Amino acid sequence: MTSLEKPFRKTGAAAISESPLHARRVSRRIMVGPVPVGGGAPVSVQSMTNTRTADVGATLQQIAELTAAGCDIVRVAVPKQEDADALAQIVRKSPIPVIADIHFQSKYVFEAIDAGCAAVRVNPGNIRKFEEVGPSICQAATDAGISLRIGVNAGSLDKELYERFGGPTPQALVASALKEARMFEDVGFHDFKISVKHHDPVTMVQTYRLLAAQGDWPLHLGVTEAGPAWQGTIKSCIAFGALLAEGIGDTIRVSLSAPPVEEVKVGCKILEYLGLRERKFDIISCPSCGRAQVDVIELANAVTEGLQEITAPIRVAVMGCIVNGPGEAREADLGVASGNGKGQIFIKGKVVQTVPEDRIVPTLLEHAHRIAETMERDGKVDPNATGPVVVPITGHDHGQEHAA
């Protein structure tokens, strides 16, 4: 079996364990490789590869991209034998802990453990004859010193519970989770976290609140099948914001119909804006309104596009009128207050130059890159820092996608 003692990159180094909004819920701690989950540990960010796991090269490439975006833990699907056969090589070369996602075939659980996976996601409701193999799975996980994730999605709720509660209600999902938890705890296994996902953020929040009050298990938050990038981002922000603001949640996965790296960027930014991770690169821009004397939408998109590779923790303000513009620009590390065909460029609250409108974007980009280079040279940039979240924003008439 591959040793778990390997030099994983500590992606959570800049994370914060306590929220400024609410004391964290008390939960027990489990380990996913070197990443602690629960017990007051910083909230970790997860994602899942969408490559064929058997394609080791493509899977490792995607894991590298997720790691660079700030992912702490990665999950890979194991639907076939060829995927199980690839796990050992993936685990050996992955810079972050790997969780095997297992459904239906219990033999893959044991193969994933033997391959050295940091954890295994198991859905007892769809593992054949789980009552028979469950104790053996727990023993194998105990012997390997790894944790498990259990839980239920609305789409895979046990038929009996579905009929009893009239659908995937919060009460039904919690009843299912408690039933699964007892299966493990009855044989003395406690190193697991629980998820109770639903596609509706209100139902999801209600479900996790109910479950959080029932025990001290670490909780994996997720809005399942959240939808395309813009819709899924909104759903996840609503649900995660509500729960994390109450201190509920120990690890998160944003589920988007988008490249997995976008899930990680959104997840990291949610934690940053909730005060659970140090704030990284940030763009402030005003809404478009009748006071604006420049095209704020185009200006903000162009600046964001030009700075999407910046990882230095600088705040850039792009403002379009004289009402709030000068004040907001002064509060940022770098900013512009635009109007009357020109833009005032601010650095650390001081006007450094005034440029014509067609020079605003290139001037801001020049200053931003210069500031970032200085911070990098001075060792002020976290090597795990991420750039801005990228979500599709439709321009006026051209329908292009921009970073945001």
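This report walks through a parallel strand region, an open mixed sheet and one pocket of a predicted model.

## Strand E4 and its neighbours

A good place to start is strand E4, which covers residues 73-77. Four of its five residues are buried, so the strand is largely enclosed by the rest of the structure. Here, buried means under 20% relative accessible area.

E4 pairs with strand E3 (residues 44-48) in the parallel sense, over three bridges. Within this pairing, glutamine 46 stands opposite isoleucine 73 of E4. To get from E3 to E4, the chain passes through helix H1 (residues 56-69), making a right-handed β-α-β crossover.

## On to strand E5

E4 also runs parallel to strand E5 (residues 98-102), and four bridges join the two. If you would like a pair to look for on screen, try arginine 75, whose bridge partner in E5 is isoleucine 99. The connection from E4 to E5 goes through helix H2 (residues 81-93), and this β-α-β crossover is right-handed.

## An open sheet of five strands

Further along the chain you will find an open sheet of five strands, in the order E11-E12-E13-E14-E15. Its pairing is mixed. As general background, strands of a sheet pair through backbone hydrogen bonds, either parallel or antiparallel. At the edges sit strand E11 (282-285) and strand E15 (350-356), each of which pairs on one side only. On average, neighbouring strands in this sheet are turned by 15° against each other, with direction ignored.

Inside the sheet, strand E13 (residues 334-339) and strand E14 (residues 342-347) make an antiparallel pair held over six bridges. One of the positions to inspect is leucine 334, which has isoleucine 347 in E14 as its bridge partner.

## The second largest pocket

Now for some empty space. The second largest pocket holds about 310 Å³. It is lined by 17 residues, and those closest to its centre are Met48, Arg75, Thr224, Arg253 and Ser255. Two of these names lead back to the strands above: residue 48 belongs to the range of E3, and arginine 75 is the bridge partner of isoleucine 99.

Which elements give two or more residues to the lining of this pocket? They are strand E7 (147-153) and helix H9 (260-273). As for its chemical character, the lining divides into seven charged, six polar and four nonpolar residues.

Key
Residues numbered from 1 in each chain as written. Predicted model: local features only at pLDDT ≥ 70, side-chain atom pairs only at ≥ 80, totals over all residues. Heavy atoms only, no water. 1 Å grid on protein atoms, 1.4 Å probe; cavity = no way out; pocket = protein on both sides within 12 Å on 5 of 7 lines; lining within 4 Å. Points joined across faces, edges and corners; volume = space filled by probe spheres on them. Nonpolar A, V, L, I, M, F, W, Y, C, P; charged D, E, K, R; others polar. Buried < 20%, exposed > 50% of the residue type's maximum accessible area, 1.4 Å probe, protein only. Pairing = 2+ DSSP bridges. Right-handed = clockwise from strand over helix to strand, strands pointing away. Axes fitted to C-alpha atoms, helices over the stretch in contact; angles between N-to-C directions.
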